[in-house]
Each structure stands twice: as structure tokens, then as C-alpha cells.
Amino acid sequence: MTDKQMHNQSGEINSLTPSRELPLYGKRILVTAPINYAYRLSEQIIKQGGFPVFMPTVETCYLSNYTKLDIALSQIADFDWILFTSRNGITAFFHRMNDLEIPVSVVQKCQLCALGKDAESLLSFCGKVDLIPTESSPAGIVAELAKLPQIHNKKVLIPAPEVIGLPEPDIIPNLIRDLQKLGIEVICVPTYTTQGLDKSIYSSELNLMRQGIIDVIAFSSTAEVESFLTMVNSQSDYERCIIACFGPYTTVNARKLGMNVSIVSRDYSSFEGFGEAIAEFFTLTSNSH
């Protein structure tokens with residue numbers, strides 16, 4: 001068995017590989033994802049030889065008002081589908097069910113959808129996943145549901161984030177609109193909150209960026225980009241950094257917000273694909289030189 005095979009089977013970082021041979025050797029990657037996502041992305045950056053610098057620009061929290069979610073949970077049997085668009089949504093949804101002592105068995109009557117690696121989380125909570133779209137995005141959900149007969153007669157529930165203090169990204173509104181175009185009855189309920197963090201806690205990280213010590217800024221969502229932009233004075237603060245985005249949808253929105261995006265992850269079903277995309281960029285750059 002080779003070192004590479006051992007690395008792939010164990011999933012651990014192979015510390016026996018000389019760091020200079022790894023594509024992100026010496027590169028500092030600013031990770032703006034919320035803490036619960038940041039460590040998973042950082043692991044992939046480390047595997048490629050890079051140094052993650054944590055600067056979560058948003059945080060995800062439990063709701064302060066559960067009224068809408070509780071009503072939906074009390075009527076869960078009325079829904080044909082539950083469409084989860086994030087791992088946070090899955091976690092918060094089932095935690096609230098547990099708080100209300102609603103048995104997990106009630107969701108067995110519904111068809112459940114999750115994106116990419118989020119399906120593993122859904123399986124851990126209820127042992128059931130009915131749809132993992134080929135494209136790991138809300139648009140991928142719509143494309144798959146559109147193929148189903150009688151879908152126009154169905155009622156779906158979307159557990160979604162409540163965005164606080166930031167403009168709401170168009171991801172969920174577009175999903176609702178596209179599902180309604182198929183004739184589907186859509187109920188969207190806040191399940192957790194997404195809110196920006198105060199830039200005052202990041203004076204050191206922002207200074208590293210302004211000094212050109214940060215090589216890449218890695219965004220995994222539009223909300224992260226929006227919150228980041230409230231933390232900087234102008235584009236000159238980050239103009240020496242390469243911008244990387246997790247998939248085409250975050251990329252489109254980042255560019256609308258004035259970002260010059262250089263790295264886009266083609267595989268956005270997991271952070272492994274994002275880490276590989278960043279590594280590939282530097283590998284190609286190194287080869288071209």
C-alpha cells in the first residue's frame with residue numbers, strides 16, 4: 001500500500017509528505033465561513049499544505065422566535081417534501097423536533113432532499129434521504145423535482161435561514177419562485193439565523209490582509225461576502241488577495257458585489273472540491289511560470 005493510498009483510506013493528513021511538495025505550501029487562506037463550516041474547509045486547506053486563517057464573517061444561531069417553525073412541525077404530515085438547503089437547516093430542524101418531543105418517525109411520510117455531503121447529516125438524524133440532486137444547489141433541486149410526475153400537486157417545506165442585519169441573498173427567494181413556477185405549494189419557515197459579526201474582533205486578520213500577507217480569501221456563501229464587505233474600508237484593503245468562491249452561485253453574487261473572482265470550485269458538493277480548486281489554481285500558476 002502506498003502513502004497516497006493510506007492517505008485516501010484514512011482521510012487523515014499525511015504528515016510524512018514534505019510540505020514543499022504540496023500545492024498550497026506557504027499560502028495563507030482567509031476562511032470566512034461560520035465556525036461549524038470553517039473547520040471542515042480548513043482541514044481541506046491543510047491537506048493541500050496551506051495555512052488557514054480564521055475570520056468567520058457570519059455566524060449561525062438558533063432562533064429567538066420559533067412560532068412559524070413550530071406550526072410547520074405540528075403539521076409535518078401535510079407536506080410531501082422537505083427540502084433542506086444547508087447542514088445548519090438540518091441540524092436546527094431536528095433539534096427543534098427533539099425539543100418539542102416530536103418523534104423523528106413523523107418525517108418518514110415525507111420525501112426528504114439534501115445537497116451533497118449534507119445528506120450524511122440528514123441520514124444521521126433520521127436514517128432517510130430520498131433525493132440528492134446531481135447539482136448541489138437549489139437550482140439542482142428544482143431540476144430534479146421538475147422531472148417527477150404530478151409534482152405540481154405537491155406541497156413542500158423549506159427550512160431556511162433568517163438573515164439578520166444583512167441583505168438577504170437571492171438563493172432562497174429564487175428557489176421559492178422556481179418551485180412555484182412548477183405549480184408546487186411552497187411553505188418556507190425560518191429555522192436558524194444568519195447574522196454578520198462585528199469587524200472590531202478582527203483587527204489582526206484585517207491588517208494581515210491589508211499588508212498582503214493573506215494570499216486567498218475563500219468565500220463559501222453570499223452572506224459571507226456581504227458581511228466581509230462591511231468590514232473593509234474599500235477594495236484596496238483586499239486587492240492583493242486572490243478571491244475564491246465555493247461554486248457558481250456564490251461566484252455570481254460576489255461578482256455582482258464587485259469582487260474579482262479568480263477561483264471557482266467546480267465540485268461544490270463538499271469542501272474537498274473547494275480545497276482542490278484552490279490547490280489547482282496554484283499548481284497551474286506554478287506550472288505556467
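**View 1. The second largest pocket of this predicted model holds about 230 Å³ of space.** Let us start with who lines the second largest pocket: Arg40, Glu43, Gln44, Lys47, Arg87, Lys117, Glu120, Ser121, Ser270, Phe271 and Glu272. By character, this lining divides into seven charged residues, three polar ones and one nonpolar one.

**View 2. Helices α2, α5 and α11 each give two or more residues to the lining of the second largest pocket.** In the sequence, you can find α2 at 35-47, α5 at 118-126 and α11 at 271-288. Which element gives the largest share of the lining? That is α2, with four residues.

**View 3. Five strands form an open sheet with parallel pairing.** Reading across the sheet, the order is β2-β1-β8-β9-β10. The edges belong to β2 (51-54) and β10 (261-264); each has a single partner strand, so one side of each is left without a neighbour in the sheet. From one strand to the next, the twist averages 30 degrees.

**View 4. Here β1 and β8 pair in the parallel sense.** Strand β1 covers residues 28-31 and strand β8 covers residues 216-219, and three bridges join the pair. To find your bearings, look for Ile29, which stands opposite Val216 in β8.

**View 5. Helix α10 packs on the sheet.** This helix spans residues 248-256 and touches three strands: β8, β9 (242-245) and β10. How does the direction of α10 relate to that of β10? The two directions make an angle of about 170 degrees.

Definitions and conventions. Residues are numbered from 1 along each chain as its sequence is written. This is a predicted model: local features need pLDDT of at least 70, side-chain atom pairs count only at pLDDT 80 or more; totals for chains, interfaces and linings use all residues. Side-chain values use heavy atoms; hydrogens and water are left out. Two strands pair if DSSP finds at least two bridges between them. Axes are lines fitted to C-alpha atoms, for helices over the stretch in contact, and angles run from 0 to 180 degrees between N-to-C directions. Contact means heavy atoms within 4.5 Å. On a 1 Å grid over the protein atoms alone, a cavity is a set of points where a 1.4 Å probe fits but cannot get out, and a pocket is an open set with protein on both sides within 12 Å along at least five of seven lines; lining residues have an atom within 4 Å of a point. Grid points are joined across faces, edges and corners, and a volume is the space filled by probe spheres set on the points. Ala, Val, Leu, Ile, Met, Phe, Trp, Tyr, Cys and Pro count as nonpolar, Asp, Glu, Lys and Arg as charged, and the others, Gly among them, as polar.
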